[in-house]
Amino acid sequence: MAVDWLKGTVLETAFDAPTMEALGRLTPGLVPKGTILFRPGEAPGGFALVLSGRINVYLNSRTGRELRLYSIEPGETCLMTTLALLGAQPYSGEAIADTDVVAAIVPFKAFRELMDGSDRFRQFVFRAFAERIGEMTALLEMVAFQKIEIRLARWLLDNADDGGRAAASHAEIATAIGSAREVVSRHVEKLSDEGIVEGGRKEILIRDRARLAAIAGT
């Protein structure tokens with residue numbers, strides 16, 4: 001029988017009884033905020049099933065710039081881990097716990113056995129894989145074809161709260177939209193001079209949502 005940690009989670013309905021029983025033998029653990037789960041060049045240790053919290057996955061350039069590729073939340077999977085496990089390849093990016101995370105790790109041997117023997121587990125892995133590929137394609141299109149002012153405007157609109165406040169530093173925004181901190185700072189200053197936003201070090205307040213939406217093309 002599956003142990004209690006699977007009950008009431010987003011994973012409970014994803015798998016059949018035999019898969020639940022196999023996964024139920026695992027023991028979830030706490031990953032503190034800020035923990036680096038993997039780095040470029042490292043071999044995968046297993047397949048993470050996230051129960052709570054959020055993990056961010058980044059691609060790092062030789063010049064020190066970062067691009068956040070995606071986040072992993074409960075019920076979601078890591079594209080890089082799937083690629084590394086299926087292809088016996090090392091990681092090409094870095095994963096960091098953005099919050100405290102509770103996750104169960106499926107060891108490599110158990111992962112391969114489940115992929116071979118469980119239709120429901122295999123469907124879960126490949127469905128999540130396909131969704132991530134779609135996200136990565138959209139990210140590539142954004143970075144390659146959208147001007148920085150459009151990316152910035154859309155990020156602010158998507159991440160601002162009901163009061164119009166987007167809590168993030170310029171460096172964090174740059175990582176999210178595939179730019180450099182200095183470039184983001186220049187564009188925030190320009191928007192501030194035009195009265196569209198009010199820029200701060202850790203927070204940006206949208207003053208004119210309509211004009212910002214016009215820049216974003218939404």
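**Exercise 1.** In this predicted model, decide whether glutamate 194 is buried, partly exposed or exposed, and then describe its contact with lysine 190.

*Solution.* Begin with the accessibility of glutamate 194, which is 32% in relative terms. Because buried requires a value under 20% and exposed a value over 50%, glutamate 194 counts as partly exposed. Next take lysine 190, which at 48% relative accessibility is likewise placed in the partly exposed class. Finally, consider the contact itself, a salt bridge in which the two side chains of glutamate 194 and lysine 190 meet at 2.8 Å, N to O.

**Exercise 2.** Determine where the partners of the salt bridge between arginine 132 and glutamate 76 lie, and classify each of them as buried, partly exposed or exposed.

*Solution.* The N to O distance of this salt bridge is 3.3 Å, and the pair links distant parts of the chain, 56 residues apart. Arginine 132 belongs to helix H4 (residues 119-145), whereas glutamate 76 sits in the loop between strand E5 (66-72) and helix H2 (79-87). With a relative accessible area of 4%, arginine 132 is buried, while glutamate 76, at 32%, is partly exposed.

**Exercise 3.** Work out how arginine 122 and aspartate 119 are placed in helix H4, and state how far apart their closest N and O atoms are.

*Solution.* Both residues lie in helix H4, 3 residues apart, which corresponds to about one turn of the helix. Their salt bridge brings the closest N and O atoms to 2.2 Å. As for accessibility, arginine 122 is partly exposed at 25%, and aspartate 119 is partly exposed at 48%.

Notes: Residues are numbered from 1 along each chain as its sequence is written. This is a predicted model: local features need pLDDT of at least 70, side-chain atom pairs count only at pLDDT 80 or more; totals for chains, interfaces and linings use all residues. Side-chain values use heavy atoms; hydrogens and water are left out. A salt bridge is a side-chain nitrogen of Lys or Arg within 4 Å of a carboxyl oxygen of Asp or Glu. Helices (H or I, at least four residues) and strands (E, at least two) are DSSP runs, numbered from the N terminus. Buried means under 20% relative accessible area, exposed over 50%, partly exposed in between (1.4 Å probe, protein chains only).
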